[in-house]
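The following exercises train the reader to work from a three-dimensional model to statements about single residues. Each exercise gives a task and then a solution in steps.

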Amino acid sequence: MVRTRFAPSPTGYMHLGNLRSALYTFLFARANNGKFILRIEDTDRERYVEGAVDVIYRTLKSIGMDWDEGPDIGGDYGPYVQSERKDLYLPYAKELVKKKKAYYCFCTEEELQQRRDEAAARGETFKYDKHCLHLSEEEVQARLDAGMPYVIRQNVPEHGEASFDDVLYGHIAVDCSDLDDMILIKADGMPTYNFANVIDDHTMGITHVMRGNEYLSSTPKYNLLYDAFGWEKPVYIHMTPIMRDATHKLSKRDGDAYFEDYINKGYLKEAIVNYVALLGWNPGDEREFFTIDELIKAFSVEGMSKSPAIFDVNKLTWMNAEYIRRLTPEQFTEYALPYYEKAGVKTDHTDVLARILQPRTEVFTQIPEMVDFLAALPDYDVELFTNKKSKTNPEVAAKVLDMAIAALEALPDWEEQQIHDTLLNLAAANEMKNGTMLWPVRIAMAGKQVTPGGAIEIAVLLGRDESLRRLKAGREKLN
RNA sequence: GGUCCCGUGGUCAAGCGGUUAAGACACCGCCCUUUCACGGCGGUAACAGGAGUUCGAGUCUCCUCGGGAUCACCA
């Protein structure tokens, strides 16, 4: 039975890189009919952010990533919050001490820092010299009894090789002499992240450890621990980071590294997930659009990339536009409504608005500037009436507007089809291009060169009174 | 600096010894058209460099270069 876990620290919002890692971890579990476990790693009180756990829950749920075991729903391997597991680790470390795979160390931070500085001065890389490993058992016991603060360190063999196999990267081996005796238990009795991770993953029965690339070089050390305990090692799958550019990770400093940032900017969560899934993974065919269920069906580690991917807002935006176009008009309106309000646009014709806006909206936040002219006619220059292709200019426009105003005023009902037929028949009757008729009408009603939709849709949205008022005002300008 | 990892167009990314080196985004052009979009058609553009192995190398090996990660009582 495959068991994977996502183990975020509650330090704020959901970083896109984290989100993608969580997604792949989730997909892998689901694709293999396994369990997906959520574990909260909150041992760092300094970085703990109030409410961050809820953000994690909410975000994962909202995109359809449900977990089988976790702090909120429990499970057979709890607790699932690391701070509640704090008493679990020390006995394991002591077991290692018994096996001579770890040892008590009484060196203080100051002493270590001094030795580190000295090493740096000599241009060497500092490595703990196993000073305390050579203490006699009696000496150790005496210091323990005296209540001296201590730390427990891993006893890495001086020679030989430490290695592991990664599904993506293959066999990775390092020489033990390059490894430092890392601290397992800190002076405050708490485990270090590395140690807690190993213990948690093992005791929770995690079969596949999926995590960021940055652990690639420390994993051999982890495996030494598994060997020391005599535990079966998990399968490792290391995942690449998402980059801002060739040399920098997407980071909070960029101000656009978080899932929430993009939601606020008017992106659809489905589009973000879809895009991010494809950054670093490909399904092996030409498909680009996936629901979460489709991702589960299509996912496999073979499609995962070994090199980092640069985040391209451009493509996200394109994909978001595609998702927007696939919405029903009703769904579109639901998303767009707050933005209509923001622009001060009130209309009963949300169907018409959806029709003209849906193919033109890449991101919802673009909507206000596209529709603001409906709420208030902008000041505009009569030169806007000039358009070569439509064969119109202020003089032509004056004539066209006279005709249009007369014809539209005579309309029994202010209804789209009627407005359309009236205007086009008028153009035909006067032997002019449709554009020659419609350009001035649109400009007079909108007061700007570029508008979503054409003269007819705008007339419907504005309604009879406002349309005619604007047309007349436009005509006035041309005197 | 030591160790480890990565390297196909601007970006994502197919390719797993024999291809005219896919596709998508972006960009450019044309068509459609009532402005702008949407849509349709077409185009520019890549194997980091060098040695080897091989009849044949983007694919295998080595070196160089470039980039990243890691070397904490932080996670």
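**Exercise 1. Salt bridges within one helix**

Task: In this predicted model, determine how R469 and E466 are placed in helix α18 and how their side chains interact.

Solution.
Step 1. Both R469 and E466 belong to helix α18, where three residues of spacing correspond to about one turn of the helix.
Step 2. The two residues form a salt bridge, and their closest N and O atoms are 2.9 Å apart. The cut-off for such a bridge is 4 Å between a side-chain nitrogen of Lys or Arg and a carboxyl oxygen of Asp or Glu, so the pair qualifies.
Step 3. Partly exposed residues lie between the limits of 20% and 50% relative accessible area. R469 has 47% relative accessibility and therefore counts as partly exposed. E466, with a relative accessible area of 21%, is also partly exposed.
Step 4. Salt bridges can also share partners: R5, R39, E41, R85, D200 and D201 are joined in this way into one network. The structure holds 27 salt bridges.

**Exercise 2. A second pair in a helix**

Task: Determine whether E322 and R325 are each buried or partly exposed, and state how the pair is arranged in helix α11.

Solution.
Step 1. E322 and R325 are three residues apart in helix α11, which means that about one helical turn separates them.
Step 2. Their side chains meet in a salt bridge with an N to O distance of 2.9 Å.
Step 3. E322 has 18% relative accessibility and so counts as buried. R325 has a relative accessible area of 39% and is partly exposed.

**Exercise 3. A salt bridge between two helices**

Task: Find the salt-bridge partner of K472 and state where each residue lies.

Solution.
Step 1. The partner of K472 is E409; the closest N and O atoms are 2.7 Å apart.
Step 2. K472 lies in helix α18, whereas E409 lies in helix α15 (residues 394-409). With their positions 63 residues apart in the numbering, the pair links distant parts of the chain.
Step 3. K472 counts as partly exposed because its relative accessibility is 37%. E409 counts as partly exposed because its value is 40%.

**Exercise 4. Two buried residues with polar contacts**

Task: Describe the surroundings of Q82 and R211, and state which side chain each of them meets in a polar contact.

Solution.
Step 1. Q82 is located in the loop between α2 (52-62) and α3 (89-98). Its relative accessibility is 1%, so Q82 counts as buried.
Step 2. The side chain of Q82 makes a polar contact of 2.7 Å with that of D200. Beyond its neighbours within four places in sequence, Q82 is in contact with several residues, including R39, E41, Y89 and N197.
Step 3. R211 is part of strand β8 (residues 208-212). R211 is buried and has no salt bridge; D201, the nearest side chain of opposite charge, is 5.1 Å away.
Step 4. The side chain of R211 makes a polar contact of 3.3 Å with that of H238. Residues up to four places away in sequence set aside, R211 touches, among others, R5, N197, T219 and Y222.

**Exercise 5. A covered helix**

Task: How many residues of helix α7 are buried?

Solution.
Step 1. Helix α7 spans residues 219-229, and 10 of its 11 residues are buried.
Step 2. Among the buried residues are T219, Y222, L224 and F229.
Step 3. Just after α7 comes G230, which takes a positive phi of about 80°.

**Exercise 6. The surface near the RNA**

Task: Which residues are closest to RNA strand B, and how is the surrounding surface composed?

Solution.
Step 1. RNA strand B is surrounded by 59 residues, of which K186, N282, R360, G453 and I456 are the closest. Of the RNA atoms that come within 4 Å of the protein, 70% belong to sugar and phosphate.
Step 2. The surface residues divide into 23 nonpolar, 18 polar and 18 charged.
Step 3. Bases are also approached by backbone N or O atoms. Such an atom of C107 lies 3.2 Å from a base nitrogen, one of T451 lies 2.7 Å from a base nitrogen, and one of G453 lies 2.4 Å from a base oxygen.
Step 4. Elements that give two or more residues to this surface include α4 (109-121), β6 (170-175), α11 (313-326) and α18 (455-477).

Technical notes: Residues are numbered from 1 along each chain as its sequence is written. Chains are lettered from A and ligands numbered from 1 in the order in which they are written. Side-chain values use heavy atoms; hydrogens and water are left out. Helices (H or I, at least four residues) and strands (E, at least two) are DSSP runs, numbered from the N terminus. Buried means under 20% relative accessible area, exposed over 50%, partly exposed in between (1.4 Å probe, protein chains only). Lys and Arg count as positive and Asp and Glu as negative; His and the chain ends are not counted. A polar contact is a pair of N or O atoms within 3.5 Å; within protein, one must be able to donate a hydrogen and the other to accept it, and residues adjacent in sequence count only if both atoms are side-chain atoms. Contact means heavy atoms within 4.5 Å. A residue is near a molecule or strand if one of its heavy atoms lies within 4 Å of it. Ala, Val, Leu, Ile, Met, Phe, Trp, Tyr, Cys and Pro count as nonpolar, Asp, Glu, Lys and Arg as charged, and the others, Gly among them, as polar.
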